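Visitor: I am new to this structure and would like a close look at a single part of it. Please take your time and connect that part to what surrounds it.

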Amino acid sequence: FTYLTHSQIRTHVRKLKRVNKEATVLGLDVGRKYTGVSITDKLITTSKPLKTLVGSPNYDSSPRKKGAVPGTIDLSHSDGLFAEIRRLLMRRQVKAIVVGYPIGKNGRPTPHCNFIERWVEHMWSLGIGKRVPVTLVNEYGSSMEAKVLIAESIQRKALGASSDPQLRKLNTYRQNVEAMEGALSNKNKNLT
């Protein structure tokens with residue numbers, strides 16, 4: 001059981017596609033309670049969300065819990081989640097797994113990285129994905145980027161070329177306010 005680098009996984013997938021046109025790659029966004037799952041298309045060019053799996057809230061053993069050893073992670077209550085991943089690997093012809101791994105701005109692993117490593121090791125200890133290579137991909141800040149892109153998309157749709165007269169009126173009003181703010185800002189600069 002080993003992790004592959006990005007270039008190694010790319011080479012692995014290219015070789016696989018020559019022999020198995022149905023091969024796909026499974027993406028996992030591992031969280032303490034929820035795990036997001038995505039799957040690539042048959043060409044392995046795009047990925048789409050597949051489902052969100054719910055794990056056990058008992059993932060994190062902390063010193064506050066009775067009998068817990070500080071710093072240990074208990075994944076034994078998540079058999080259902082791992083069983084679903086096993087089913088997905090078999091049903092979807094998964095030949096590689098990409099796991100989000102949030103390395104911080106400073107280039108060092110975040111505290112969540114330890115949890116992800118234990119999670120993958122536990123998956124392997126259950127016999128899941130033993131023959132499927134796993135690569136870790138830095139996902140630091142990707143959730144915030146996604147939220148910004150979604151918000152911008154919603155704003156463009158709401159204020160853009162809409163057929164709704166009220167939204168068009170709101171967009172015109174917003175543009176007028178922005179123009180007035182710009183004019184006032186320039187006037188204030190000229191006064192100083």
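Visitor: Before we turn to helix α2, what percentage of the residues in the protein chain is buried?

Guide: This is a predicted model, and in it buried residues make up 31% of the 192 residues in the protein chain. The chain holds 5 helices and 5 strands, which follow one another along the sequence in the pattern α-β-β-β-α-β-α-β-α-α. Among the contacts in the chain with a separation of 6 or more, 59% are between residues 24 or more positions apart.

With that background, we can turn to α2, which runs over residues 79-91. At 1.5 Å a residue, its 13 residues should span 18 Å, and this agrees with the 18 Å that lie between its end C-alpha atoms. The buried residues of this helix are Leu 81, Phe 82, Glu 84, Ile 85, Leu 88 and Leu 89. Because these buried residues of α2 fall within an arc of 155° when seen down the helix axis, they line one face of the helix. An α-helix has 3.6 residues a turn, so residues three or four places apart point the same way. On the face of α2 turned away from the buried side sit the exposed residues Gly 80, Met 90 and Arg 91.

What covers the buried residues of α2 includes the strands β1, β2, β3 and β4, together with the helix α3. One residue in this surrounding part deserves a closer look, namely Thr 35, which is found in strand β2. Thr 35 counts as buried, because its relative accessibility is 0%. Leaving aside residues up to four places away in sequence, Thr 35 touches Leu 28, Asp 29, Val 30, Lys 51, Thr 52, Leu 53, Leu 81 and Trp 119. Of these, Leu 81 is one of the buried residues of α2, while Trp 119 is one of the buried residues of α3. As for Leu 53, it lies 18 residues from Thr 35 along the chain, yet the C-alpha atoms of the two are separated by 5.1 Å.

The helix α3, which covers residues 111-125, has 15 residues and reaches 22 Å from its first C-alpha to its last, close to the 21 Å expected at 1.5 Å a residue. The buried residues of α3 include, besides Trp 119, His 112, Phe 115 and Trp 124, and the buried residues of this helix pack against β1, β2, α2, β4 and β5. Just after α3 comes Gly 127, with a positive phi of about 85°.

The far end of α2 has a feature of its own, for the helix is followed by Gln 93, whose phi is positive. Gln 93 has its place in the loop between α2 and β4, and its phi is near 55°, a positive value in a residue other than glycine. Most residues other than glycine have a negative phi. With a relative accessible area of 33%, Gln 93 is partly exposed.

Finally, the strands that help to cover α2 also take part in a pocket, since β1, β2, β3 and β4 each supply at least two residues of the lining of the largest pocket. That pocket has a volume of about 410 Å³, and of the 21 residues that line it, the closest to its centre are Gly 27, Leu 28, Ser 38, Ser 47 and Val 98. By class, the lining has 10 nonpolar, 8 polar and 3 charged residues. Leu 28 links this pocket to the earlier account, as it is also one of the residues touched by Thr 35.

Methods:
Residues numbered from 1 in each chain as written. Predicted model: local features only at pLDDT ≥ 70, side-chain atom pairs only at ≥ 80, totals over all residues. Heavy atoms only, no water. 1 Å grid on protein atoms, 1.4 Å probe; cavity = no way out; pocket = protein on both sides within 12 Å on 5 of 7 lines; lining within 4 Å. Points joined across faces, edges and corners; volume = space filled by probe spheres on them. Helix = DSSP H or I, 4+ residues; strand = E, 2+ residues; numbered from the N terminus. Nonpolar A, V, L, I, M, F, W, Y, C, P; charged D, E, K, R; others polar. Expected span 1.5 Å × (residues − 1). Buried < 20%, exposed > 50% of the residue type's maximum accessible area, 1.4 Å probe, protein only. Arc of directions from axis to C-beta. Contact = heavy atoms within 4.5 Å.
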